[in-house]
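These notebook entries follow charged and aromatic side chains through one structure.

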Amino acid sequence: MAARPRARDSRGFLRIAILLGTLWEVRAVQIRYSVSEETDKGSFVGNISKDLGLEPRELAERGVRIVSRGKSQLFALSPRSGALVTAGRIDREELCAQSVRCLVNFNILMGDKMNLYPIEVEIMDVNDNAPRFLTEEMNVKIMENTAPGVRFPLKEARDPDVGSNSLQSYQLSPNHHFSLDVQTGDDGTKYPELVLERALDREEEAVHHLLLTASDGGNPLRSGTSRIQVTVVDVNDHAPVFSLPQYQVTVPENVPVGTTLLKVKAIDLDDGIYGEVTYSFWKITKKNLQVFQLNSLTGELTTLHGLDYEESEFYEMEVQAQDGPGRLTRTKVLITLLDVNDNVPEVMVTSVSSSVPEDTLPGTVIALFYLQDRDSGKNGQVTCTISENLPFKLERSIDNYYRLVTAKHLDRERLSAYNITVKATDGGAPPLSTETHISILVTDTNDNPPTFSHTSYSVFISENNPRGASVFSVTAHDPDSDKNAQVTYSLAEDTLQGAPVTSYVSINSDTGILYALQSFDYEQLQNLELRVTARDSGDPPLSSNVSIHLFILDKNDNAPEILYPAIPTDDSTGMELAPRSAEPGYLVTKVVAVDRDSGQNAWLSYRLLKASEPGLFAVGVHTGEVRTARAMLDRDSLKQSLVVIVQDHGEPTLSATVTLTVAVADSIPDVLADLSNLASPMDPEDSGLTLYLVVAVAAVSCVFLAFVIVLLALRLRRWHSKRLLQASDGRLAGVSASHFVGMDGVQAFLQTYSHEVSLTADSRRSHLIFPQPNYADTLISQESCEKNDPLLTAIDFQECKDEAANTQQAPPNTDWRFSQAQRPGTSGSQNGDETGTWPNNQFDTEMLQAMILASASEAADGSSTLGGGAGTMGLSARYGPQFTLQHVPDYRQNVYIPGSNATLTNGAGKRDGKTPAGGNGNKKKSGKKEKK
């Protein structure tokens, strides 16, 4: 047996494989087996697994099975031994009748490859049938004047077996008048003839009884007998003669039952009883006796049952005509049936794949089926068709087998199941057809990625959202099915402001719902760009992305913040100066505020909430400028307190307030005089607090002076010791220098404990400032304590108590006045008295500004007090480096320094266009920022 060809990748091997496959189908016809009839069920026929080149276990694994054309299965496959065995008792005579060779053909189907292998099994005859006569008794009438040597034909016996098992000989029982002679016909049939050996004498013996025995040649020998009754009759010299030597008729197979097919007729010239002819079957099978009927008187041959061309195409029989005395003659009757298209074609599906993956390549075999029509000729020629709009086609295989193969690529998403109708039509007139339905389910493969309905999404969410709140939901559709359509969602790896995107937003992998992990702040984050990936669960998985733009909407969650005047941190109150001669509309100061929100939430309006003198001042709604509403009156008090409220336009409205203290005076001496008057009527409790403060300062100063004296003494001692060491010629050279205190320590100590005392406008509350002096190695001299500072006359310092007791406070210089450029407000914005001049002493000027602007001292210097860097207005230190001038309007052109024409710049050392002089050790830098 040839082995199954194996496929090869190369083209040459492929051609060889095709050639071998063709040779295999040719050689497969030669697979022949033989088995004797009447064997038991399960008898061995042949080793089919060996002949197919397979192991016995592979028969079941590869779907090997028998495909038979008949209605009954004669053979079966043994899964254990891989052998072909009988499925039941086989009767050769029933299958093949008198055929010399009885061949049974069927096919072996290999299911995995859908290949067919024709098998031929020859049924060997066994001597299972004995010869039998048609009748158990034969009657022979012989005229008594019959001459010896006349032959009388006898009915032959029939044996269904063939070969040596068939009928071989006849024997006649011993007698004195007859002998037996056997004739052999052209077809090999043996005909017995009774030969008269001696003349008969009716009067001597009227009836002779003989026994005829028919024997076959099988082992064991089988035989059959028939009795012969010979009746001696009077003389009859004419025998019946048929009108035709042979009768033939051709009829369609669908003739009705009882139809007369033909009529035989024999004529006997004798008269009387010798001329009466009767008809009977001489040679006919038992099966045909049940189909045909012969009228003994008329000779009409009719049907008892319906004729079937598919069972028998031709009938042959012999009819005898016998007269009264017994003389007879024989004739042959031949009946030929014409096929009628009375059988519809049959479609027998031998193998079918109920499910097919959608990625199946064109040309893949889906089903294998066999067409059969029991009719013959054109009536049995069957054509097979399917619908043309299907991605399948039919290919013819061996015999009448057809393959259903794929013609195109399948797409489950377009059509997931096919109900294919296979129509078989014969060539008869009219044609008959039958339909068989084959259902094929297209299984899914992961060939479609998930898709979103939009390429990108824009989502808007208000800030201050609760953590864990649902933000948005995305949905991707996958047209695949089952596992291939299960979509999971994830966020692409990305970073925002140094943090991963997943720290801001998370997504539910099953539902695609986005959740906010943080409460967003519009002032820190305005938008967020995400990329969502939808991935199915196929193998390999497919995915697609979509962009989501998350925009944060601003809410009014930040109240306005006052930039100017700055709120002091020492519980003091800043003071603005307004001359009594100021005209209505005079610019006193300006409130500068910002709002970190945006849009309408950052629109600010200013309003005067409370004033100690209603109607004296007015505040610009949009500018925040504090101006005089009317002229100053003498009854207006020196100290005016204003409460300004700043409101935004958000919903709800947020606000902030600032308290302004305005000193109403025409000149600085008036301010100082009024301050002294304000300080005198202090409460006893406040006076006690001031006394305690002075005593504490004096105590600290005394301790400081004592420590300086001790340091000087140690220094002198060290100097004296050094002189002694030099005098001792270096005997102390090994002493470590770390045992001596140097001037560096004294300088550091002096630098640490340098201090200054200053007063605010509210003289009842004093505070101490410890600035860093310009020269750490310069001690406070007596002259510095003797300096008469108008602002320090209200405090008695212990360091200068001797000089302070004898020194009277000098009256203020009436010659210095405010110039137009030096008046409060925007430079040159108001008309005032041009006769006043500022003090020439820069120190006095700075101290005065420090008193007036105690709560806004950072703005008084005019250098970098409102700005920590270029373009930031000092907001970076308060709000962080990301809060720059692009968030707030530039108010620097509107911020002024009362009593100075200085503008806000970033030059730390410039004031009034002059570089401050230094080097005397007593020079103090103005502004609280530099003093800290």
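**Entry 1: Glu137 and its partner**

I looked up Glu137 and found a relative accessibility of 36%, so this residue counts as partly exposed. I note at once that the model is predicted. I then asked which residue's side chain meets that of Glu137 in a salt bridge. The partner is Arg227, with an N to O distance of 3.7 Å. Because Arg227 sits in strand E16 (residues 223-233) and Glu137 in strand E9 (residues 137-143), their pair ties together parts 90 residues apart in sequence. For Arg227 I read a relative accessible area of 45%, and I therefore recorded this residue as partly exposed too.

**Entry 2: Other salt bridges**

How many salt bridges does the structure hold? I noted a total of 17. I recorded the general principle that side chains of opposite charge can pair when their charged atoms come close.

I next turned to Glu120, which forms a salt bridge with Arg32; their closest N and O atoms are 3.0 Å apart. Glu120 belongs to strand E7 (residues 115-124) and Arg32 to strand E1 (residues 32-36), so this pair ties together parts that are 88 residues apart in sequence. Is Glu120 buried or exposed? Its relative accessible area is 14%, and the cut-off for buried is under 20%, so I entered Glu120 as buried.

I also examined Glu613, whose salt bridge with Arg635 has its closest N and O atoms 3.6 Å apart. Both residues are in loops: Glu613 between strand E49 (604-611) and strand E50 (617-619), Arg635 between strand E51 (625-628) and strand E52 (639-648). The pair therefore ties together parts that are 22 residues apart in sequence. I classed Arg635 as exposed because its relative accessible area is 60%. Glu613 and Arg635 belong to one network with Arg630 and Asp636, joined by salt bridges that share partners.

**Entry 3: Aromatic pairs**

I counted 10 aromatic pairs in the structure. For Phe392 and Tyr418, I found ring centres 5.3 Å apart and planes at 85 degrees. Why is this pair edge-to-face? An angle over 60 degrees is counted as edge-to-face, and the planes here stand at 85 degrees, so the pair qualifies. Phe392 lies in strand E30 (residues 392-396) and Tyr418 in strand E32 (residues 417-426), so the contact ties together parts 26 residues apart in sequence. I recorded both Phe392 and Tyr418 as buried.

I then looked up Phe460 and Phe551, an aromatic pair that is stacked, with 5.3 Å centre to centre and 20 degrees between the planes. This pair links distant parts of the chain, as Phe460 is in strand E35 (residues 456-462) and Phe551 in strand E44 (residues 543-553), 91 residues apart. Phe460 has a relative accessible area of 55% and is therefore exposed. Phe551, at 30% relative accessibility, counts as partly exposed.

I added one aromatic cluster to this entry, formed by Phe242, Tyr247 and Tyr279.

**Entry 4: A charged patch**

Which residues form a negative surface patch? I listed Asp201, Glu203, Glu204 and Glu205. I located Asp201 in the loop between strand E14 (190-196) and strand E15 (207-216). Its relative accessible area is 33%, so I entered Asp201 as partly exposed. A patch residue needs over 30% relative accessible area, and I checked that the 33% of Asp201 agrees with this.

Definitions and conventions:
Residues numbered from 1 in each chain as written. Predicted model: local features only at pLDDT ≥ 70, side-chain atom pairs only at ≥ 80, totals over all residues. Heavy atoms only, no water. Patch = residues over 30% accessible without salt bridge, like charges linked within 9 Å, V, L, I, M, F, W, Y side chains within 5 Å. Areas by Shrake-Rupley, 256 points an atom, 1.4 Å probe, with all protein chains shown as cover. Salt bridge = Lys/Arg side-chain N within 4 Å of Asp/Glu carboxyl O. Lys, Arg positive; Asp, Glu negative; His and termini not counted. Charge placed at Lys NZ, Arg CZ, Asp CG, Glu CD. Helix = DSSP H or I, 4+ residues; strand = E, 2+ residues; numbered from the N terminus. Buried < 20%, exposed > 50% of the residue type's maximum accessible area, 1.4 Å probe, protein only. Phe/Tyr/Trp six-rings, centres within 6.5 Å; stacked < 30°, edge-to-face > 60°.
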